[in-house]
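Please load the structure in your viewer and keep the selection panel at hand. The stops below are meant to be followed in order.

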Amino acid sequence: MLTNQDRRLSVAPMMDWTDRNCRAFHRALSTRALLYTEMVTAPAVIHGDRDRLLGFDAVEHPVALQLGGSDPAQLAEAAKIGEAYGYDEINLNVGCPSDRVQSGKFGACLMREPELVADCMAAIKEAVSVPATVKCRIGVDDQDPEISLFATVDASAAVGIDSFIIHARKAWLKGLSPKENRDVPPLDYALVRRLKRERPHLSISINGGIGDLDQAEAHLRADDGVQLDGVMLGRAAYHEPALMGQVDRRIFGETTPDVDVFEALERYRPYMAARLEEGANLAGMTRHMLGLMHGRAGARAFRRILTVEGVKPGAGLEVVDRAVEAVREAEARKAA
């Protein structure tokens, strides 16, 4: 069962990014970070290809399933299915602002209906024995975040939910694209800290605009007397995954050495080999690695080899080996 300590650092659910290959790659860098799936809608889980949507490798644990939806019965059924697949947590998306989510009355739209969120969470909690959690914004459109955030959290807390991940921005459902919603609305970290101060019995993790582990550590310090329970990284973990190699030591206090980029690739290699044996294509795995060599000599050659060679029919691990060798040669030349 997940504990608060397990939530000290997590990687955000990101559509088209945090698929099973991405999660296995991130696990090669950190044994402790809590990983999240992309959002999957409850109807898709119930009626769709479950192995494709929910299948994952045992190496990914601890891993949470994020569901989208607003029908308590559907969410309960989908949560049961997710638990049966072995997920360590079921999370409800109350923050995604995309048009598709708006038309389906879930995601960030639910910030307007805290009692419906509570009904959904009560149904999920009743259906599963693993933790049921909420990921939300601080509000949408013209809502007063000081009212909307507390209303959403308090309604779910009243039905027994005790863990929340707060993306510290509003979502603007009209006038901003999903991409703009990740950058344009101002961050209000202070409001999230106030929530923890006034609701100390709840587990509160903070998300949004956190660019590196220095910032993550700063959020986890209790300089103002408020001890947040966790930090969720999004794009930083994806675009510069090498930072994940320091997470176990810096965030979780492990005494094991950091995982460098070359060791991470060796750890990821058995997973890639097994997936290739199953008929998966190499590019589906290597696309998540393109930022791994960020800032190093040979990084451009690394990306080029993976993107050009990795998409070819029959591409195998020899492509990864060539990409790694290009970095090692470039670093050797730089050091000479």
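Begin by selecting H26 in this predicted model. H26 has a relative accessible area of 2%, and because buried means under 20%, H26 counts as buried. The residue belongs to helix 1, which spans residues 20-29. Display next the residues around H26: apart from neighbours within four places in sequence, H26 is in contact with V11, L35, A237, Y238, P241 and M244.

Now colour the chain by domain, with residues 4-252 as domain 1 and residues 261-335 as domain 2. The centres of the two domains, taken over C-alpha atoms, are separated by 30 Å. Where they touch, domain 1 contributes 17 residues and domain 2 contributes 14 residues.

Turn to the surface shared by the two domains. About 1,400 Å² is buried between domain 1 and domain 2, and carbon and sulfur atoms give 56% of that area. On the domain 1 side, select N21, F25 and A28: these residues lose the most area to domain 2, and together they account for 40% of what that side buries.

For the polar features, select D19 and R287, which form a salt bridge with their closest N and O atoms 3.2 Å apart. One salt bridge is found across the interface of domain 1 and domain 2, as are ten residue pairs in polar contact.

Finally, select helix 1 and helix 11 (235-239), the elements that give two or more residues to the side of domain 1 touching domain 2. Helix 1 supplies the largest share, seven residues. By type, the residues on that side are nine nonpolar, three polar and five charged.

Methods: Residues are numbered from 1 along each chain as its sequence is written. This is a predicted model: local features need pLDDT of at least 70, side-chain atom pairs count only at pLDDT 80 or more; totals for chains, interfaces and linings use all residues. Side-chain values use heavy atoms; hydrogens and water are left out. Helices (H or I, at least four residues) and strands (E, at least two) are DSSP runs, numbered from the N terminus. Buried means under 20% relative accessible area, exposed over 50%, partly exposed in between (1.4 Å probe, protein chains only). Contact means heavy atoms within 4.5 Å. Domain bounds come from an automatic or database domain assignment. Buried area is the accessible area (1.4 Å probe) that two parts lose on being put together, summed over both. A salt bridge is a side-chain nitrogen of Lys or Arg within 4 Å of a carboxyl oxygen of Asp or Glu. A polar contact is a pair of N or O atoms within 3.5 Å; within protein, one must be able to donate a hydrogen and the other to accept it, and residues adjacent in sequence count only if both atoms are side-chain atoms. Ala, Val, Leu, Ile, Met, Phe, Trp, Tyr, Cys and Pro count as nonpolar, Asp, Glu, Lys and Arg as charged, and the others, Gly among them, as polar.
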